[in-house]
Amino acid sequence: MSRSRKTMAALKREIDRDLRGFSKEYLQNLKTSTPIDTGFARNNWRNIYNGNDIGRGKPIPIARNKAEYIGVLDGQSPKGFTSTQAPRGIVMEALRKTRKR
């Protein structure tokens, strides 16, 4: 293996390690930022980061929530942010918390 390939492989491993840590913390912040009524939306957050897309020049998926109304809780409705428990939304609030650390 050439020196540049070894360097790129090491860089990808380091990025993968950092993204795994970030995605774990981000997922925790998503869960704590999600309002609780029944707990369904909060319990539906899943970490979907798998490290396969590093270096491919496309967005890297990190988390998913299959609750049908998660967009409404996050303010993605014509009325904007409607949750009194998450008046600033969920996703951007969790991202802000994760970036601060």
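**The nonpolar core and the pairing of α1 with α4**

In this predicted model, the largest nonpolar core comprises 13 residues, and those touching the most other members are Y26, L30, A41, W45, I70, L73 and I90. Two or more residues of this core come from each of α1 (3-33), α3 (70-73) and α4 (91-100). The greatest contribution is that of α1, which supplies 3 residues.

Y26 offers a convenient point of entry. Once its neighbours within four places in sequence are set aside, Y26 is in contact with I62, V91, A94, L95 and T98. Of these partners, V91, A94, L95 and T98 also appear among the α4 residues that meet α1, and the arrangement of these two helices is considered next.

The axes of α1 and α4 lie 8 Å apart, and the two helices pack at an angle of about 130°. The relation of α1 to α4 is therefore oblique, since angles over 145 degrees would be needed for roughly antiparallel and 65 to 115 for roughly perpendicular. The handedness of this crossing is right-handed. On the α1 side, the residues involved are F22, E25, Y26, N29, L30, T32 and S33, and they meet V91, E93, A94, L95, K97 and T98 of α4. By residue class, this contact consists of 6 nonpolar, 4 polar and 3 charged residues.

Within α4, the buried residues are E93, A94, L95 and T98. These buried residues of α4 pack against α1.

L95, located in helix α4, illustrates this packing at the level of a single residue. Its relative accessible area is 19%, so L95 counts as buried, the limit being under 20%. Apart from neighbours within four places in sequence, L95 has contacts with F22 and Y26, both of which belong to the α1 side of the helix pair. The C-alpha atoms of L95 and L27 are 9.4 Å apart in space, although 68 residues separate the two in sequence.

A further buried position lies outside the helices. G75 is situated in the loop that runs between α3 and α4. Because its relative accessibility is 17%, G75 is classed as buried under the 20% limit. In sequence, G75 and R88 are 13 residues apart, while their C-alpha to C-alpha distance is 7.8 Å.

How values were computed
Residues numbered from 1 in each chain as written. Predicted model: local features only at pLDDT ≥ 70, side-chain atom pairs only at ≥ 80, totals over all residues. Heavy atoms only, no water. Core = buried A, V, L, I, M, F, W, Y, C linked by side-chain atoms within 4.5 Å. Buried < 20%, exposed > 50% of the residue type's maximum accessible area, 1.4 Å probe, protein only. Helix = DSSP H or I, 4+ residues; strand = E, 2+ residues; numbered from the N terminus. Contact = heavy atoms within 4.5 Å. Axes fitted to C-alpha atoms, helices over the stretch in contact; angles between N-to-C directions. Parallel < 35°, antiparallel > 145°, perpendicular 65-115°, else oblique. Left-handed = near helix turned anticlockwise from the far one by under 90°. Nonpolar A, V, L, I, M, F, W, Y, C, P; charged D, E, K, R; others polar.
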